[in-house]
Amino acid sequence: MHAGSSIAELIPPQVRARLKDLRLTSRRAVGVQGVGLHHSRSRGAGLEFAQYRAYEPGDELRQVDWKLYARSDRFFVREAERESPLAVWLLVDATASMVQEDAARPGWSRLSAAKGLAACIAELALRQGDRFGMAILRGDGVRLVPPGSSVRQRDRLFLELHALAAEGRWPNAEQLRPLWERIGAGDLVVLLSDLFDGGAVDVAARLAAARREVLAIQILTAEERDFPFDGGHRFRDPETGEELLGDGSAMRGDFLARFAEARRAVDARLDAAGIRHADYVLDQPLDLPLRRLFGARDAAEYA
């Protein structure tokens with residue numbers, strides 16, 4: 001498959017054009033709330049401000065904050081952290097529940113969105129010179145694409161995404177071992193999933209507890225959000241195959257209440273683990289959750 005056509009199929013041209021305004025960021029090295037620019041641990045006269053410290057003999061006068069001196073009558077030096085390459089891991093949920101799509105947009109499923117979001121993040125990492133890899137999680141285990149930072153790495157990842165099909169349930173504990181062995185301290189992890197399998201949130205929380213920077217994008221369908229069904233309808237669980245027959249109108253209120261409660265439970269677990277998260281609904285622009293996570297001021301314009 002030609003690289004140009006591969007990119008266009010995964011990332012709509014209008015979305016790719018908007019990616020130029022985004023930058024992958026991490027908060028862990030900076031030690032502040034919210035997502036900030038990623039840095040190395042060495043401080044110096046870099047571009048991004050990190051903290052003040054008292055002036056010491058030998059410091060350059062250009063680093064002195066003269067406005068602060070005027071207010072405090074003391075000399076303080078502005079320290080910054082030098083930027084360093086980031087290792088980004090894309091965790092793609094490819095279990096059977098990810099095949100779900102909306103009738104209003106046939107062929108665009110949760111997995112389609114996860115592929116597109118993964119491609120966008122890989123493209124951003126490539127532009128920044130960051131390393132990026134991928135872990136595919138589904139019933140047959142975990143498939144890893146080790147991190148790299150070249151155009152060839154991006155094309156390899158895109159080919160993996162094109163060939164990816166969803167199947168099975170969430171991997172078991174033994175199958176998940178490669179995640180703990182390969183994802184390093186300080187790496188940035190982005191989980192792309194519907195997050196309704198408790199195992200997905202467990203993985204994110206464990207990585208966060210092990211001092212990995214973890215972000216999560218919950219992928220939802222418009223039908224889950226709106227429950228637009230009327231009359232008799234057959235509802236099927238793609239992972240278990242279980243079916244439920246019911247009247248859409250009669251079920252709407254109870255479903256929406258239960259769905260809202262399930263989302264609140266997921267959000268609470270992610271918040272408790274210190275995991276920054278955003279949601280993506282299949283009828284929204286693909287880059288919207290990236291703008292929310294990475295602090296774009298214009299995110300509201302795409303809501």
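In what order do the 6 strands of the open sheet come? Keep in mind as you look that this is a predicted model. Reading across the sheet, the order is β6-β5-β4-β7-β8-β11, and the pairing is mixed. At the edges stand β6 (141-148) and β11 (276-281), each with a single partner strand, so one side of each has no neighbour in the sheet. Ignoring direction, neighbouring strands here are turned by 15 degrees against each other on average.

What does "mixed" look like up close? Strands of a sheet pair through backbone hydrogen bonds, and they can do that either parallel or antiparallel. Take the β6 end first. Strand β5 (residues 131-138) pairs with β6 in the antiparallel sense, over 6 bridges. If you want to find one of the partners, look for Ala-135, whose bridge partner in β6 is Leu-144.

Now move along to β7 (188-193). On one side, 5 bridges join β4 to β7, and these two strands run parallel. Val-92 has Leu-192 in β7 as its bridge partner. On the other side, β7 and β8 also run parallel, joined by 6 bridges. There you'll find Ser-193 standing opposite Gln-218 in β8.

How many of the residues of β7 are buried? The count is 6 of the 6, so this strand is largely enclosed by the rest of the structure. In a regular strand the side chains alternate between the two faces of the sheet. You can follow the two faces of β7 by name: Leu-188, Val-190 and Leu-192 are on one side, Val-189, Leu-191 and Ser-193 are on the other, and all are buried.

Next, the helices that go with the sheet. Helix α4 (residues 110-128) lies across β4, β5, β7, β8 and β11, and runs at about 175 degrees to β4. Helix α9 (248-272) lies across β8 and β11, at about 170 degrees to β8.

Let's zoom in on two residues of α4. Ala-119 lies in this helix and is buried, with a relative accessible area of 0%. Beyond residues up to four places away in sequence, Ala-119 touches Leu-10, Ile-11, Phe-158 and Leu-161. Ile-11 is 108 residues away from Ala-119 along the chain, yet their C-alpha atoms are separated by 6.8 Å. Glu-123 is found in α4 too, and it counts as buried at 3% relative accessibility. What joins the side chains of Glu-123 and Arg-16? The link is a polar contact of 2.6 Å. Leaving aside neighbours within four places in sequence, Glu-123 is in contact with Ile-11, Arg-16, Leu-19, Arg-154 and Phe-158.

Some of those partners take us to helix α5 (residues 151-163). Its buried residues are Gln-153, Arg-154, Leu-157, Phe-158, Glu-160 and Leu-161. They cover an arc of only 160 degrees around the axis, which puts them on the same side of α5. Turned away from that buried side is a face carrying the exposed residues Arg-152 and Ala-163. You can also check the length of α5: at 1.5 Å a residue, its 13 residues should span 18 Å, and the end C-alpha atoms are 19 Å apart, which agrees.

Try the same check on helix α7 (residues 198-209): its 12 residues should span 16 Å, and the end C-alpha atoms are indeed 16 Å apart. At the N-terminal end, Asp-197 acts as a cap, with a side-chain oxygen 2.8 Å from the backbone nitrogen of Gly-199. The buried residues of α7 include Gly-199, Ala-200, Val-201 and Val-203. Among the elements covering the buried residues of α7 are β4 (87-93), β7, β8 (213-220) and α9.

Finally, look at the backbone around α7 and a little further on. In the loop between β7 and α7 sits Leu-195, with a phi near 65 degrees, a positive value in a residue other than glycine. Leu-195 is buried, at a relative accessible area of 2%. After α7 comes Arg-211, with a positive phi near 70 degrees. Phe-227, in the loop between α8 (222-226) and β9 (232-236), has a positive phi near 45 degrees. Is Phe-227 buried or exposed? It is buried, with a relative accessible area of 3%.

Conventions: Residues are numbered from 1 along each chain as its sequence is written. This is a predicted model: local features need pLDDT of at least 70, side-chain atom pairs count only at pLDDT 80 or more; totals for chains, interfaces and linings use all residues. Side-chain values use heavy atoms; hydrogens and water are left out. Helices (H or I, at least four residues) and strands (E, at least two) are DSSP runs, numbered from the N terminus. The expected span of a helix is 1.5 Å times one less than its number of residues. Buried means under 20% relative accessible area, exposed over 50%, partly exposed in between (1.4 Å probe, protein chains only). Contact means heavy atoms within 4.5 Å. A polar contact is a pair of N or O atoms within 3.5 Å; within protein, one must be able to donate a hydrogen and the other to accept it, and residues adjacent in sequence count only if both atoms are side-chain atoms. The arc is that of the directions from the helix axis to the C-beta atoms. Two strands pair if DSSP finds at least two bridges between them. Axes are lines fitted to C-alpha atoms, for helices over the stretch in contact, and angles run from 0 to 180 degrees between N-to-C directions.
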